[in-house]
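User: I have a model open and would like to talk through a few of its features with you. Could we go region by region?

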There are 2 protein chains.
Amino acid sequence: MELDERKLKILQAIIRTYLETGEPVGSRTISKYTDLNLSSATIRNEMSDLEELGYILQPYTSAGRIPSDKGYRLYVDTMMQEKVQEMDNIREQLEEKAGKMETLLQQVAKLLAVNTNYTTMVTKPKYQHKTLKFIQLTDVDERQLLAVVVIEGNIVKNKFIQLEKMPEKETILKLNIVLNTFLQGLDLTEINMAVLQKIKEQSGEYGPVISLILDAVAEAVAEEDDFEIYTSGTTNLLRYPELGDREKAAKLLETFEEKSQLTELIQDLSSQEEGKEHGIQVYIGEEAPLSAMQNCSMVTATYELEEGVYGKIGIVGPKRMDYEKVVSTLQTLMTELDSIFKRKS
Amino acid sequence: MELDERKLKILQAIIRTYLETGEPVGSRTISKYTDLNLSSATIRNEMSDLEELGYILQPYTSAGRIPSDKGYRLYVDTMMQEKVQEMDNIREQLEEKAGKMETLLQQVAKLLAVNTNYTTMVTKPKYQHKTLKFIQLTDVDERQLLAVVVIEGNIVKNKFIQLEKMPEKETILKLNIVLNTFLQGLDLTEINMAVLQKIKEQSGEYGPVISLILDAVAEAVAEEDDFEIYTSGTTNLLRYPELGDREKAAKLLETFEEKSQLTELIQDLSSQEEGKEHGIQVYIGEEAPLSAMQNCSMVTATYELEEGVYGKIGIVGPKRMDYEKVVSTLQTLMTELDSIFKRKS
DNA sequence: GTTAGCACTCGTTGATATGGAGTGCTAACA
DNA sequence: TGTTAGCACTCCATATCAACGAGTGCTAAC
């Protein structure tokens, strides 16, 4: 048995209706509200077939039908009509805050959450190969040095170094030169113990001081490596009863509070989809590798900050999600982000 | 009618029992589980009096009694026996992360949330009069200056300044001197337009450049002024059905996601309690100035980072909160924090 | 292949009954 | 005068039951 034109149309109608109402869809509804001009009895026969094929299912005997994961999948892959989603004044809303990467991303998350009524997350862009741009040591007061580390993409890390005794101004100047000579332009992943050791050896008399400094630098570099994630609209998850009782909902919300789980999730996804970085991905139900999300769907997109610098945006909601709206909202947003980033650099 | 010894004992027993079970307490329960050796009938008479006095109330006729806000208040003010709350390895848990103020505070919030099963928040310490410690401009690449602003308490702000044309090295050096001469040691609140204007006037030929720089400085200073807040365990709120249905719970959670509301709340509280900075405050039900928290209680404490530098820690839970545990947990934590901070400086 | 008709299923809703925890009151007791 | 046993009463919680209706599957006719 195969899916002919008519079955497709019916399936589509079922899904559309279910997305709107959230209630099992009966044969009579389909019969009345499509242009197929078929009686409910005929529709029933077709629905029975569709169920056998696994595209829809009955919550219980003699209830209407709801889409199965397989049904949603087919819908998302082949039947969605993307509508152009207007989100006026995205730009205004974003650009005010565009100064700082963190606030910008937080803002993006919020904007999406407000526009879709789902829960959103945005990861900080992950530089594949970031290089160290520049280091500077300064004496802040009698006992503290401040190390400023600038990384490609204008990410700045500050570290204070407590000292017993402050070196001479001149020494600090020298140290600055040494550090930059060795480290400037290096890929962060290359800044490892071996390199640092080498500097220590070359630094002779400043040994103890430079050791402290290098520790600080290593710390700053390591810090940049873990990637952050911003979420918004988490409470929207409570709006959808189908996501489970309080217990379940709490579990799900915890996932969003405890960002480390999300981080893993996102990394998992990234590794799966090599080669199609630019697309928009839809994960339905169990396709998402996180048990708490069994009843959810997730739509993700990858944005490009600049050549080779990617971050992810994700929207999480019930399976009964307005996929069309979400996908096109994401698309609109990506375009906007692109143009904001491109213009800046 | 006054509260005699016996009434107090009964009230205390009612509250204790209710805190444990969460269910209206009947006269028979009290009669059996206190050492008063009174029949349930006598207890009933006393309870009737207590209700008239406003310390307890009946959810409905012929149900047991639950404490009223007034009852809780009396309990908290006069009847609590503080138990010493052991939280072993607080120190270990905190010190690992103690390097960075933000992670430390986030960690504190989490630790409290895990220990109490309530929702917690921690504000970043607010310096009453922070002074600017030091400014430094550096040329990062051909078109960008980096301004590093260090504020009392070793808070560092970084701002990039986009330039058409990079000034000479020498000029930058001069600018550094000028900026520090004018601004070093100034209270942040004193760094206003007037002062900046004065610098502009004195800077003659560098006019346009310095104008950009001062904007950046002003921004950095302003940024430090808004104060941040860290939360943890927000989903714990879902554990307490008495906090309302999904709708209500969502509202409450939103408050915690939307930190700006919390900020206001905390500021409100701070202004109310002039002079008793060091105490632990308990706000029961409507005493907290936030409508979403009507069914909650909140316990706050003020920690002192160093002389004159205060931050707040708050725990939010249902009115039926284990006040004794919360208060003593907070007290333990304060002591620990004190010793961590003192030792560092 | 399509459709009308019909018996059947099963969740939802609302009404009704039952049980029990707890009260307030009264009368008896020390 | 304070305490207590006893009892009628209230009201929630829970279970039970019937009525309803949306929806199905099947059959027979078109």
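User: Let's start with DNA strand C: which residues come nearest to DNA strand C?

Analyst: With the caution that this is a predicted model, there are 20 residues around DNA strand C, and those that come nearest are A:Tyr60, A:Thr61, A:Ser62, B:Gly26 and B:Ser27. The elements that each give two or more residues to this surface are helix H3 (40-53) of chain A, along with helix H2 (27-33) and helix H3 (40-52) of chain B.

User: And which element gives the largest share of the surface near DNA strand C?

Analyst: That is H3(B), which contributes four residues to the surface near DNA strand C.

User: How do the residues of that surface divide into nonpolar, polar and charged?

Analyst: The surface near DNA strand C has eleven polar residues, six nonpolar ones and three charged ones.

User: Switching to the two protein copies, what rotation superposes chain B on chain A?

Analyst: A rotation of 180°, with 0.0 Å of shift along its axis, places chain B on chain A with an RMSD of 0.1 Å, and that is the relation of a two-fold axis. The same surface serves both copies, in that 100% of the contact residues of chain B recur in chain A.

User: OK, now the domains: what does the domain assignment of chain A give?

Analyst: The assignment for chain A gives domain 1 (5-79), domain 2 (90-124 + 227-344) and domain 3 (132-225). Taken over C-alpha atoms, the centres of domain 1 and domain 2 of chain A are separated by 29 Å.

User: How many residues of domain 1 are in contact with domain 2 in chain A?

Analyst: Seven residues of domain 1 of chain A are in contact with eight residues of domain 2 of chain A. On the domain 1 side, the elements that give two or more residues are helix H1 (5-21) and helix H4 (69-79) of chain A, and H4(A) gives the most, with four residues. By class, that side of domain 1 has four nonpolar residues, two charged and one polar.

User: One last residue, A:Gln281: where is it found?

Analyst: A:Gln281 is found in strand E9 of chain A, which covers residues 280-284. The C-alpha atoms of A:Gln281 and A:Thr302 are separated by 8.9 Å, and these two residues are 21 residues apart along the chain.

User: And why does A:Gln281 count as partly exposed?

Analyst: A:Gln281 counts as partly exposed because 16 other C-beta atoms lie within 10 Å, whereas a buried residue would need 20 or more and an exposed one 12 or fewer.

Key. Residues numbered from 1 in each chain as written. Chains lettered and ligands numbered in written order. Predicted model: local features only at pLDDT ≥ 70, side-chain atom pairs only at ≥ 80, totals over all residues. Near = placed C-beta within 6 Å. Nonpolar A, V, L, I, M, F, W, Y, C, P; charged D, E, K, R; others polar. Domains from an automatic or database assignment. Contact = placed C-beta atoms within 7 Å. Least-squares fit on C-alpha atoms with pLDDT ≥ 70 in both.
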